Amino acid sequence: MSLIRLVYASRSRLVEANRSEEVGRMIASARRLNVQNEVTGFLLVTPGAFAQVLEGEAHNVAETYGRIVVDPRHSGIRLLAEEQIAARSFQNWSMGLAEHDETTHFIFGLYGVTPEADLQVQPADVLLDLAGELARQRA
C-alpha cells in the first residue's frame with residue numbers, strides 16, 4: 001500500500017450570501033466520496049480561499065483532486081505538495097473542516113493567515129501544520 005499526501009490551495013468563487021450552505025454541501029459530498037475511496041484529509045476555508053490536505057492511495061487521491069480541479073467553486077488552484085507518506089496525519093477524518101471565523105481567527109493568524117495573506121499564498125508545510133493544529137482541537 002503506497003500512501004501519498006497532496007496539499008493544494010485555491011481561490012474561492014463562493015459568494016457570501018450562500019457560502020455557509022455551499023461549504024456544507026462540499027463537505028457532505030467530500031465525506032461521502034472519501035469514505036468510499038479511503039481518502040482522508042482536512043479542508044481549511046477563509047472567505048476568499050480554500051486549502052486542503054488529501055491522503056490516501058495515489059490513484060484515489062488523484063481522482064479526488066481531479067474532481068476538485070474542475071469544480072467551479074474553485075479558481076486558481078495551486079498544487080503545493082505531493083509526496084509519499086508512511087502514515088496518515090488525518091486518519092480519523094474523512095474530511096475535517098475548519099473555517100476562518102471568530103473562534104479560529106487567532107489560530108489562523110498564528111500561522112500567517114490574515115486578510116492580507118490568505119491561504120493561497122502560504123507554503124504547504126504551513127498549511128499542513130495549521131490543519132494539524134485545528135484537527136487536534138476538534139478531535
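**Note on the largest pocket and the salt bridges**

1. The largest pocket has a lining of 17 residues, and those that lie nearest its centre are Met26, Ala30, Ile68, Asp71 and Arg73. Two or more lining residues come from each of the elements α1 (19-37), β3 (49-57) and α2 (58-69), and α1 supplies the largest share, six residues. Please bear in mind that this is a predicted model.

2. The space in the largest pocket comes to about 260 Å³, and its lining is made up of nine nonpolar, five polar and three charged residues.

3. Arg73, one of the residues nearest the centre of the largest pocket, also meets Glu22 in a salt bridge between side chains, at 2.7 Å from N to O. This pair joins distant parts of the chain, since Arg73 lies in the loop between α2 and β4 (74-85) and Glu22 in helix α1, 51 residues apart. Arg73 has a relative accessible area of 21% and is therefore partly exposed, whereas Glu22, at 15%, is buried. Both belong to a network of salt bridges that links Glu22, Arg25, Asp71 and Arg73.

4. The structure holds nine salt bridges, and another of them brings together the side chains of Glu55 and Arg5, at 3.1 Å from N to O. Here too distant parts of the chain are linked, with Glu55 in strand β3 and Arg5 in strand β1 (residues 3-12), 50 residues apart; Glu55 and Arg5 are both buried.

5. Arg19 and Glu16 form a salt bridge in which the closest N and O atoms are 3.4 Å apart. Arg19 counts as buried because its relative accessibility is 11%, while Glu16, at 58%, counts as exposed.

Note on methods. Residues are numbered from 1 along each chain as its sequence is written. This is a predicted model: local features need pLDDT of at least 70, side-chain atom pairs count only at pLDDT 80 or more; totals for chains, interfaces and linings use all residues. Side-chain values use heavy atoms; hydrogens and water are left out. On a 1 Å grid over the protein atoms alone, a cavity is a set of points where a 1.4 Å probe fits but cannot get out, and a pocket is an open set with protein on both sides within 12 Å along at least five of seven lines; lining residues have an atom within 4 Å of a point. Grid points are joined across faces, edges and corners, and a volume is the space filled by probe spheres set on the points. Helices (H or I, at least four residues) and strands (E, at least two) are DSSP runs, numbered from the N terminus. Ala, Val, Leu, Ile, Met, Phe, Trp, Tyr, Cys and Pro count as nonpolar, Asp, Glu, Lys and Arg as charged, and the others, Gly among them, as polar. A salt bridge is a side-chain nitrogen of Lys or Arg within 4 Å of a carboxyl oxygen of Asp or Glu. Buried means under 20% relative accessible area, exposed over 50%, partly exposed in between (1.4 Å probe, protein chains only).
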